[in-house]
Amino acid sequence: MADPTGTPPSLRELTTYLLSRTGKDARTRLAERLAADGLRLYHHAALAALADLGPHTQRELAARLRLDPSDLAKAADLLAARGWIDRTRDAADRRRLTLTLTDAGRARLAELHAEARAVQDAVLAPLDPAERAALHGLLLRLHTGG
């Protein structure tokens, strides 16, 4: 089959190369959509983690998302300024901030998920529903190591 991308055949044989290129394309598409609202991928990830896993201290969330704590602090500033998270200080340790998703944050997260699904649909357009499900299952296995 001809490759319209011009990728050298030896690279097309490497699954890791194809995963990398496809992932980069998907990431770029989503990042462009988020950037239109002044957001980055880690803003979406922070809101999703708070929605799915509940309140976190700022340090815990940084560790979970594998972000530098100072980068997460800047992200939390933006998310709080937009009313999407609340930050409360721990009474026992005033340096510790707990982040909690607000109702407005939950609504914005739903919009961000819709954007992500639109990108996903575009990237996966060549696949039928069964192929998409199979790909998701395989990637999830690789991601979780099992």
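**View 1. Strand 1 meets strand 3 in an antiparallel pair.** Two strands that run antiparallel, strand 1 and strand 3 (residues 97-101), are joined here by 2 bridges. Strands count as paired if DSSP finds at least two bridges between them. In general, strands of a sheet pair through backbone hydrogen bonds, either parallel or antiparallel. Look for T57, which stands opposite T98 in strand 3. This is a predicted model, where local features need pLDDT of at least 70 and side-chain atom pairs count only at pLDDT 80 or more, while totals for chains, interfaces and linings use all residues. Residues are numbered from 1 along each chain as its sequence is written, and side-chain values use heavy atoms, leaving out hydrogens and water.

**View 2. The open sheet has 3 strands.** Their order is 1-3-2, with antiparallel pairing. Which strands are the edge strands? They are strand 1 (56-57) and strand 2 (85-89), and each pairs on one side only. Helix 5 (residues 69-81) packs on the sheet and touches strand 2 and strand 3; contact means heavy atoms within 4.5 Å. The direction of helix 5 makes about 120° with that of strand 2. Axes are lines fitted to C-alpha atoms, for helices over the stretch in contact, and angles run from 0 to 180 degrees between N-to-C directions. Helices (H or I, at least four residues) and strands (E, at least two) are DSSP runs, numbered from the N terminus.

**View 3. D25 and R29 form a salt bridge within helix 2.** The closest N and O atoms of this pair are 3.2 Å apart. A salt bridge is a side-chain nitrogen of Lys or Arg within 4 Å of a carboxyl oxygen of Asp or Glu, and a search of the whole structure finds 9 of them. Both residues lie in helix 2 (residues 15-35), 4 residues apart, about one turn of the helix. Are they buried or exposed? D25 is partly exposed, with a relative accessible area of 33%, and R29 is partly exposed at 33% as well. Here buried means under 20% relative accessible area and exposed over 50%, with partly exposed in between (1.4 Å probe, protein chains only).

**View 4. R33 and E115 meet in a salt bridge.** Their side chains come to 2.9 Å, N to O. This pair links distant parts of the chain, with R33 in helix 2 and E115 in helix 6 (residues 103-123), 82 residues apart. R33 counts as partly exposed at 39% relative accessibility, and E115 is partly exposed at 30%.

**View 5. R82 and D37 tie two loops together.** The closest N and O atoms of this salt bridge are 3.4 Å apart. R82 lies in the loop between helix 5 and strand 2, and D37 in the loop between helix 2 and helix 3 (41-53), so the pair ties together parts that are 45 residues apart in sequence. Salt bridges that share partners join D37, R82, R108 and E111 into one network.

**View 6. Four leucines make a nonpolar surface patch.** L19, L135, L139 and L142 form this patch of about 330 Å². Patches are made of residues with over 30% relative accessible area and no salt bridge, joining like charges within 9 Å and nonpolar side chains (Val, Leu, Ile, Met, Phe, Trp, Tyr) within 5 Å. Accessible areas come from the Shrake-Rupley method with a 1.4 Å probe; for residues, only the protein chains shown count as cover. Helix 7 (residues 129-144) gives the most to the patch, with 3 residues.
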